[in-house]
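Biologist: I should like to understand how the terms used for this structure are justified. May we go through them one at a time?

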Amino acid sequence: MFMGIEYSKDLSEAYTQLSDQLNLLLDGEPNRIANLSNASALLSNFLDRTNWTGFYLMEEGELVLGPFQGLPACIRIAVGKGVCGTAAEKQETIVVEDVNAFPGHIACDAASQSEIVVPLVKDGQLIGVLDIDSPETGRFSDEDRAGIEKFAATLLRHI
């Protein structure tokens, strides 16, 4: 049974608590979709000032919409296209302060103004990306980046 916790006021410590909570939540569950679903719900409830939190999974050479929290989204994204496809291609986290300034940005939700995308790489293989959007420009700090990457690393142990 899921139990909410009161997170630390220190953002770095709060992300550590979040990753620990994710680890406990997913412990012993082998189903990838169930684990991704709970991960997107947990992260969405943790983060403030965001409007979309979810996953795109590699399938036959392209990113396909996976579990998420938010409005309906683009279903398929080509590798190398938009923020998600670029993060997948480079296999590196991309933080975009203003999506309108990102060349080739794919606007699935017109309200999104900033974005962070973390590639999910396991055993050298790209399995997808974690994508988070915000209706504010400049929403994601370096602390957010480090914390979300830690969250993704914890998740990778369970999918």
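Modeller: Let us begin with a residue pair in the strands: Val 96 stands opposite Glu 115 in E5. Please keep in mind that the model is a predicted one.

Biologist: What makes E4 and E5 a strand pair?

Modeller: Two strands pair if at least two bridges are found between them. E4 and E5 have three bridges, in the antiparallel sense, so they satisfy the requirement of at least two.

Biologist: How do you know that E5 also pairs with E6?

Modeller: Nine bridges join E5 to E6, and the two strands run antiparallel. Leu 120 stands opposite Gly 128 in E6, and Ile 116 stands opposite Ile 132 in E6. E5 and E6 form a hairpin with two residues between them. In that turn, Asp 123 has a positive phi of about 55°.

Biologist: Which sense does the pairing of E1 and E6 have, and over how many bridges?

Modeller: E1 and E6 pair in the antiparallel sense over six bridges. Here Leu 57 stands opposite Gly 128 in E6; Gly 128 also stands opposite Leu 120.

Biologist: Why is E5 called largely enclosed by the rest of the structure?

Modeller: Seven of the nine residues of E5 are buried, so the strand is described as largely enclosed. A residue counts as buried when its relative accessible area is under 20%. E6 is mostly covered as well, with nine of its 10 residues buried.

Biologist: Why is Leu 43 called buried?

Modeller: Leu 43 has a relative accessibility of 0%, and because the limit for a buried residue is under 20%, Leu 43 counts as buried. Leu 43 has its place in helix H2. Its C-alpha lies 7.9 Å from that of Leu 18, and the two residues are 25 apart in sequence.

Biologist: How do you know that Cys 74 and Cys 108 form a disulfide?

Modeller: Their sulfur atoms are 1.9 Å apart. The rule asks for a distance within 2.5 Å, so Cys 74 and Cys 108 form a disulfide. The count by this rule is one disulfide. With -120° about the S-S bond, the link of Cys 74 and Cys 108 is left-handed. The pair links distant parts of the chain, 34 residues apart: Cys 74 is in the loop between strand E2 (62-70) and strand E3 (76-78), and Cys 108 is in the loop between strand E4 (94-96) and strand E5 (114-122).

Biologist: Why is Cys 84 not counted in a disulfide?

Modeller: The nearest cysteine sulfur to that of Cys 84 belongs to Cys 108 and is 7.6 Å away. Because a disulfide needs sulfur atoms within 2.5 Å, Cys 84 is in no disulfide.

Biologist: What are the accessibility classes of Cys 84 and Cys 108?

Modeller: Cys 84 has 3% relative accessibility and counts as buried. Cys 108 has a relative accessible area of 30%; because the partly exposed class lies between 20% and 50%, Cys 108 is partly exposed.

Biologist: Why is the pair of Tyr 7 and Phe 46 called edge-to-face?

Modeller: The ring centres of Tyr 7 and Phe 46 are 4.8 Å apart and their planes stand at 80°. Centres must lie within 6.5 Å, and planes over 60 degrees apart count as edge-to-face, so this pair is edge-to-face. Tyr 7 is in the segment before helix H1 (11-26), and Phe 46 is in helix H2 (residues 32-46), 39 residues apart. Tyr 7 is partly exposed at 21% relative accessibility, whereas Phe 46 is buried at 15%. The whole structure holds four aromatic pairs, and ring pairs link Tyr 7, Tyr 15 and Phe 46 into a cluster.

Biologist: How many cavities of 30 Å³ or more are counted, and what lines the largest cavity?

Modeller: The count is one cavity of 30 Å³ or more. The largest cavity holds about 190 Å³ of space. Of the 19 residues that line it, the closest to its centre are Ile 106, Cys 108, Glu 115, Asp 131 and Asp 133. Helix H3 (82-90) supplies the largest share of the lining, four residues. The lining divides into 10 nonpolar, four polar and five charged residues.

Key. Residues numbered from 1 in each chain as written. Predicted model: local features only at pLDDT ≥ 70, side-chain atom pairs only at ≥ 80, totals over all residues. Heavy atoms only, no water. Buried < 20%, exposed > 50% of the residue type's maximum accessible area, 1.4 Å probe, protein only. Phe/Tyr/Trp six-rings, centres within 6.5 Å; stacked < 30°, edge-to-face > 60°. 1 Å grid on protein atoms, 1.4 Å probe; cavity = no way out; pocket = protein on both sides within 12 Å on 5 of 7 lines; lining within 4 Å. Points joined across faces, edges and corners; volume = space filled by probe spheres on them. Nonpolar A, V, L, I, M, F, W, Y, C, P; charged D, E, K, R; others polar.
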